[in-house]
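Visitor: I am new to this structure and would be grateful for a close look at one part of it, the sheet. Please also explain the terms as they arise.

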Amino acid sequence: MHSPSLSASARHSRFSDFVSFKYRMNYHGVMRRKQKAVFRIIAKSRVNRLFSLAGEVASADLRLADLYVGRALKVAQKFNIQLTSAQKRLYCKHCHSFMLPSVSARIRLQHGKVVYFCKRCRHMMRIPYIKPRTEN
Ligand SMILES: [Zn+2]
């Protein structure tokens, strides 16, 4: 015997323990999935709110905007949330700082691409755009 202190009643309830454990696991699995779905909805709204807040405070306090962006990215990464294309252009992919045009970023059009230049880390982000057709 590995456990001599095990009483007869405890030995008797082994199977029921196993069953309850199994059900507990199932129950937990369902709960986790439901919880995760709820958390993702909350996290998505939080990411949107943080990005809009960053945009609001950026002109007054750029460091606070950086903080908001960092927090938003952390939440998005944890809950696997896709950022919108507008949100992706708001921050530098390299140093994760908020890109405020003319203050912390330079934006130019070059060879059919929008070039976002981060003034902090000198990283360039190029996003192609569709050129408007000239009517002849
Ligand atoms: Zn940067």
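Guide: The account below begins with the chain as a whole, turns to the sheet, and ends with the core. This is a predicted model, in which local features need pLDDT of at least 70 and side-chain atom pairs count only at pLDDT 80 or more, while totals for chains, interfaces and linings use all residues. Residues are numbered from 1 along each chain as its sequence is written.

The chain contains four helices and three strands; helices (H or I, at least four residues) and strands (E, at least two) are DSSP runs, numbered from the N terminus. Their order along the sequence is α-α-α-α-β-β-β.

The three strands form an open sheet in the order β1-β2-β3, with antiparallel pairing; two strands pair if DSSP finds at least two bridges between them. β1 (105–110) and β3 stand at the edges with a single partner strand each, so one side of each has no neighbour in the sheet. From one strand to the next, the twist averages 20°, where axes are lines fitted to C-alpha atoms and angles run from 0 to 180 degrees between N-to-C directions.

β2 and β3 run antiparallel and are joined by five bridges. K113 has P128 in β3 as its bridge partner, and V115 stands opposite R126 in β3. The two strands make a hairpin with five residues between them, and R122 in the turn has a positive phi of about 60°.

Strand β3 (residues 124–128) is hardly covered, as the count of buried residues among its five residues is zero. A residue is buried if 20 or more other C-beta atoms lie within 10 Å of its own, exposed if 12 or fewer, and partly exposed in between, with C-beta atoms placed from the backbone. In the chain, buried residues make up 15% of the 136 residues.

β2 also has a part in the largest nonpolar core: α2 (14–57), α3 (62–78) and β2 (113–118) each supply at least two of its residues. Such a core is a set of buried Ala, Val, Leu, Ile, Met, Phe, Trp, Tyr and Cys residues joined through C-beta atoms within 7 Å. This core has 17 residues, and A54, V69, F98 and M99 are those with the most contacts inside it. Neighbours within four places in sequence aside, V69 is in contact with A54, Y91, H96 and F98, a contact being two residues with C-beta atoms, placed from the backbone, within 7 Å.
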